[in-house]
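Got your viewer open and ready? Let's take a walk through this model, one selection at a time.

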Amino acid sequence: MKFTILGSGTLVPDADRGSAGFLVQERGANLLVDGGSGTIMRLKHVGVDARELDGGVYSHRHVDHCADLVPILFALKVGVELPRTRDYPIWAGDGFHSFLEGLYATYGAWIRSDKWATRVTELSLHGPSSDLLPGGVRLDTLPANHSAGALHLRFISPTGFTVVFSGDTGPNENLAKLAEKADLLVTECAVPGKDPWDSHLSPSDVAAIVDQAKPRRVILTHLYPDNDPVAAVACVARAGVPVERGYDGLAVEG
Ligand SMILES: [Zn+2]
Ligand SMILES: [Zn+2]
């Protein structure tokens, strides 16, 4: 299974870091994980045409994590060279279906087709959920501490390679639970110090989660500009696990 960072940034404009976007690839299946603005272009950079995606998994519904959903659904309708006839599946927290209905109310036929349908599988915001994704990847989720239907995501390949992804979250026991002994934890580390709204993680928060879960490797993403990346990495590294700041294009395979 290959996990690629498409966008390691935030909603703050940055010439080198796109909004949150990630790609899981296994046995020929291409699964988008989140997808803020610019994701379609960044997919092309790593050789994937969004019209060939086998599905999308969303950590939550904030714009910096899902803004390219409309362009993707629009793109699925165009291009004679790639006429889509199979459904487009989406996995996301409870409420995503009505979110999609709202997009249909705005964009109508531009993002719908009579040749394929967008199928949403909603995952619990109150407890654990699991499902099997294309490529034989197992998805496990637990609720995150964030708004807009947020979940922590764990992807397990058929051979057992395990990647845990935190979209946005405040300090939360569930992330440590899900990341226990994972091969890779990709986590947000948005703020430099304790978030007064408890909806994002600081380096100290991430260090505590890593100390408890002991994943084999940690990648920090989603750092706001006031969060010094060198200090953040040094802080998390005190938990005794290899840690680095992610960048757009970074891929981990296992
Ligand atoms: Zn975010
Ligand atoms: Zn968010």
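Here is the tour, starting with a few ground rules and then moving from the metal site to a helix pair and some backbone oddities.

This is a predicted model, in which local features need pLDDT of at least 70 and side-chain atom pairs count only at pLDDT 80 or more, while totals for chains, interfaces and linings use all residues. Residues are numbered from 1 along each chain as its sequence is written, chains are lettered from A and ligands numbered from 1 in the order in which they are written, and side-chain values use heavy atoms, with hydrogens and water left out.

**Stop 1: the zinc ion (ligand 1)**

Select the zinc ion (ligand 1) and show its donors, meaning N, O and S atoms within 2.8 Å of the metal (3.2 Å for Na, K and Ca); water is not among the atoms, so sites may look incomplete. You'll find D64 (OD), H65 (NE2), D168 (OD) and H222 (NE2) at 2.2 to 2.3 Å. The angles among these 4 donor atoms run from 90 to 153 degrees, and the site is irregular. That label is for anything that is neither tetrahedral (four donors, all angles between 85 and 135 degrees) nor square planar (four) or octahedral (six), which both need opposite donors over 155 degrees apart and all others between 65 and 115.

Along the sequence the donors are spaced D-H-x102-D-x53-H. The pair D64 and H222 links distant parts of the chain: D64 sits in helix α2, H222 in the loop between β12 (218-221) and α7, 158 residues apart. (Helices are DSSP runs of H or I, at least four residues, and strands are runs of E, at least two, numbered from the N terminus.) Both D64 and H222 are buried, where buried means under 20% relative accessible area, exposed over 50% and partly exposed in between, with a 1.4 Å probe and protein chains only.

**Stop 2: the zinc ion (ligand 2)**

Which residue bridges the two zinc ions? Click D168: it coordinates both the zinc ion (ligand 1) and the zinc ion (ligand 2), which are 3.6 Å apart. Now add H60 (NE2), H62 (ND1) and H146 (NE2), which together with D168 (OD) coordinate the zinc ion (ligand 2) at 2.2 to 2.3 Å. This site is irregular too, with angles of 90 to 164 degrees.

H62 lies in the loop between β4 (55-57) and α2 (63-66) and H146 in the loop between β8 and β9, so the pair ties together parts that are 84 residues apart in sequence. H62 is partly exposed at 29%, whereas H146 is buried at 16%.

**Stop 3: α6 and α7**

Next, select α6 and helix α7 (residues 229-237), whose axes come within 8 Å and cross at roughly 30 degrees. These axes are lines fitted to C-alpha atoms over the stretch in contact, with angles from 0 to 180 degrees between N-to-C directions. The two helices are therefore roughly parallel, a word used for angles under 35 degrees.

Buried residues of α6 include P203, V206 and V210. Among the elements covering the buried part of α6 are β11 and β12, with contact meaning heavy atoms within 4.5 Å.

**Stop 4: positive phi**

Most residues other than glycine have a negative phi. Just after α6, though, K214 has a positive phi of about 50 degrees. Jump to D198, in the loop between β11 (184-188) and α6 (203-213), where phi is about 55 degrees. D198 is partly exposed at 32%. Finish at A148, in the loop between β8 (137-143) and β9 (151-156), with a phi near 60 degrees.

Terms used. Parallel < 35°, antiparallel > 145°, perpendicular 65-115°, else oblique.
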